[in-house]
Amino acid sequence: MEADALSITTMQDSFKGLLKLLGSVKNYDWGCPAKQSCVARLYSLNSGGNIDENQPYAEFWMGTHESGPSYVVEGGGRTENGYADGEGVRDRCTLKEWIEKNPSVLGETVLTKWGTQLPFLFKVLSVEKALSIQAHPDKDLAILLHKEQPLVYKDDNHKPEMALALTKFEALCGFTSLEELKVIVQTVPEIVEVVGSALAERVWYLNDDDGEEKVKLVLRKLFTEMMSASKDVIKEVLAKLISRLNIKNKVRELTDKEQLILGLEKQYPADVGVLAAFLFNYVKLNPGEALYLGANEPHAYVYGECIECMATSDNVVRAGLTPKHRDVRTLCSMLTYKQGNPEILYGTTINPYTTRYLPPFDEFEVDRCILPPHSTVAFPSAPGPSIFVVMGGEGTMTTSAEVIVAEGDVLFAPANTNITIATSSGLHLYRAGVNSRFFEE
């Protein structure tokens, strides 16, 4: 047993060490095959569990959400077969339960604002197939949806989020600019066939002088008409679209958006989300770049692997590119209908090895730390808690005692904990914590 992996039964409210955690895994249909999935590798190393090579591995969760709780490791560190008993841990206690017994680990400011709920949920995603066209409700709508449909919308909290690319990463995010929207409506006749020529003409004649609210009203009408079209109409129109694009592909190179449409149709035949994808910004991130999504903004991750962090919630309103429950009416009514490219975050260097990504949300920030061989870095104490995940290499993390860490390790650090990280061979890790700006207010 490592020096600061104390027995859960004897941990006191003054705990200041690092707590090793077991994360939860999600095998959603859109995940990567086990052999190619970063999530599968992390889960196997983290838990010592076996990987089912016939299953996709989509998400690795680290936090306190009841849909995918993390568990506190009791009874020792790694063995050759994983942790302690080879199948996880005996008498497991969730991180949420442990925090409720030791609330001061969150820090006074966090405890006052959010109670004993860890305000952020940390994930790793492996995306092989596009996720649904979706949005996450703001707090007021989340409370209403949870009250009206608690089995569908299980949380009363909002869910702003940020995706930080581990590999090249593709996403649909927000509505295109007015200029691009007009080009799309003029060059994609299948959209006109679905929404009607009168509405298409309203789009064509829009200009910047019309004012933001008028543009939003027309865009909302366009999107709602499209998403509400009958399945038979969409099936027929998509058949024409795919045929037209395949013919075009023989005489010219298709645009990135057109190639995306062909790929989405293979994944989700006869799905209205394939046509709707024309209306969204198609964003491609390089490793180390991030994008953030506020409440009521449409998006769909398309391909790649990323670190994801969000407010602690699992509320999702879906309307396309999915076999799951669709709530078209709610999605179309809740969106902001803002237009233009999303902001890409490149991070701020806080030391030679660490880059910090600060979205405009109180609940979270993410640090990316890449240590070369024979290097050391300090993480000064923060007023709130942190979760670290080791993505590669090995090294040590030292507080009051030294903990050996390697790929797959997940650790919880209480508020006001100074941490020194060192490696002789190289180490790649990420940290999620409460947004630093929140403590400056």
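Biologist: On the other side of α4, which residues are exposed?
Modeller: In this predicted model, they are Asp140 and Lys147. The cut-off for calling a residue exposed is a relative accessible area over 50%.

Biologist: And which residues of helix α4 are buried?
Modeller: Within residues 139-148, the stretch that forms α4, the buried ones are Leu141, Ala142 and Leu145. To earn that label, a residue needs to stay under 20% relative accessible area.

Biologist: What makes the buried residues of α4 line one face of the helix?
Modeller: Look down the axis of α4: the buried residues fit within an arc of 100 degrees, so they line one face. There is a helical pattern behind this: with 3.6 residues a turn, residues three or four places apart point the same way.

Biologist: What covers the buried residues of α4?
Modeller: The cover includes strand β17 (317-320) and helix α12 (328-334).

Biologist: Let's move to α5. Which of its residues are buried?
Modeller: Leu178, Leu181, Ile184 and Val185 are the buried residues of α5. They span an arc of only 115 degrees around the axis, so they sit on the same side of α5. Turned away from that buried side is a face carrying the exposed residues Glu179 and Gln186.

Biologist: What does the cover over the buried residues of α5 include?
Modeller: It includes α6 (189-195), α7 and α8 (212-227).

Biologist: How do α5 and α7 cross?
Modeller: Two packed helices are described by the angle between their axes and the distance between the axes. For α5 (residues 178-187) and α7 (residues 197-204), the axes come within 9 Å and cross at roughly 145 degrees. The crossing of this pair is left-handed.

Biologist: Which residues of α5 and α7 meet?
Modeller: From α5 come Leu181, Lys182, Val185 and Gln186, and from α7 come Ala200, Val203 and Trp204. By class, this contact has 5 nonpolar residues, 1 polar and 1 charged.

Biologist: Now the other helix pair. Why are α9 and α10 called oblique to each other?
Modeller: Helix α9 (residues 231-248) packs against helix α10 (residues 256-267) at about 130 degrees, with the axes 11 Å apart. Roughly perpendicular ends at 115 degrees and roughly antiparallel begins over 145, with what lies between counting as oblique. The two helices are therefore oblique to each other. Their crossing is left-handed.

Biologist: Which residues make the contact between α9 and α10?
Modeller: On the α9 side they are Leu241, Ile242, Leu245, Asn246 and Lys248; on the α10 side they are Glu258, Ile261, Leu262 and Glu265. These divide into 5 nonpolar, 1 polar and 3 charged.

Biologist: Why does Ala130 count as buried or exposed?
Modeller: Its relative accessibility is 1%, and the limit for buried is under 20%, so Ala130 counts as buried. Ala130 is in the loop between β10 (120-127) and β11 (133-135).

Biologist: What is Ala130 in contact with, leaving aside its neighbours within four places in sequence?
Modeller: Its partners are Trp30, Leu264, Gln267, Tyr268, Tyr301, Val302 and Leu321. Take Leu264: it is 134 residues from Ala130 in sequence, but the two are 7.2 Å apart in space, C-alpha to C-alpha.

Biologist: How do you know whether Ser126 is buried or exposed?
Modeller: Ser126 has 0% relative accessibility, against a limit of under 20%, so it counts as buried. This residue is found in strand β10. Beyond its neighbours within four places in sequence, its contacts include Trp30, Cys32, Cys38, Tyr57 and Glu305.

Biologist: What makes Gly115 partly exposed?
Modeller: At 26%, Gly115 falls between the buried limit of 20% and the exposed limit of 50%, so partly exposed is the right label. Gly115 has its place in the loop between α3 (108-114) and β10. Its contacts, leaving aside neighbours within four places in sequence, are Leu106 and Val110.

Biologist: Which phi does His374 have, although it is not a glycine?
Modeller: A positive one, about 60 degrees. His374 is in the loop between β21 (365-371) and β22 (375-379). With 69% relative accessible area set against the cut-off of over 50%, His374 is exposed.

Biologist: And what about Asn416?
Modeller: Asn416 has a positive phi of about 60 degrees too, although it is not a glycine. Asn416 lies in the loop between β25 (410-413) and β26 (419-423). Its relative accessible area is 46%, between 20% and 50%, so Asn416 is partly exposed.

Definitions and conventions
Residues are numbered from 1 along each chain as its sequence is written. This is a predicted model: local features need pLDDT of at least 70, side-chain atom pairs count only at pLDDT 80 or more; totals for chains, interfaces and linings use all residues. Side-chain values use heavy atoms; hydrogens and water are left out. Axes are lines fitted to C-alpha atoms, for helices over the stretch in contact, and angles run from 0 to 180 degrees between N-to-C directions. Helices (H or I, at least four residues) and strands (E, at least two) are DSSP runs, numbered from the N terminus. A crossing is left-handed if the near helix is turned anticlockwise from the far one by less than a right angle, and right-handed if clockwise. Contact means heavy atoms within 4.5 Å. Ala, Val, Leu, Ile, Met, Phe, Trp, Tyr, Cys and Pro count as nonpolar, Asp, Glu, Lys and Arg as charged, and the others, Gly among them, as polar. Angles under 35 degrees count as roughly parallel, over 145 as roughly antiparallel, 65 to 115 as roughly perpendicular and the rest as oblique. Buried means under 20% relative accessible area, exposed over 50%, partly exposed in between (1.4 Å probe, protein chains only). The arc is that of the directions from the helix axis to the C-beta atoms.
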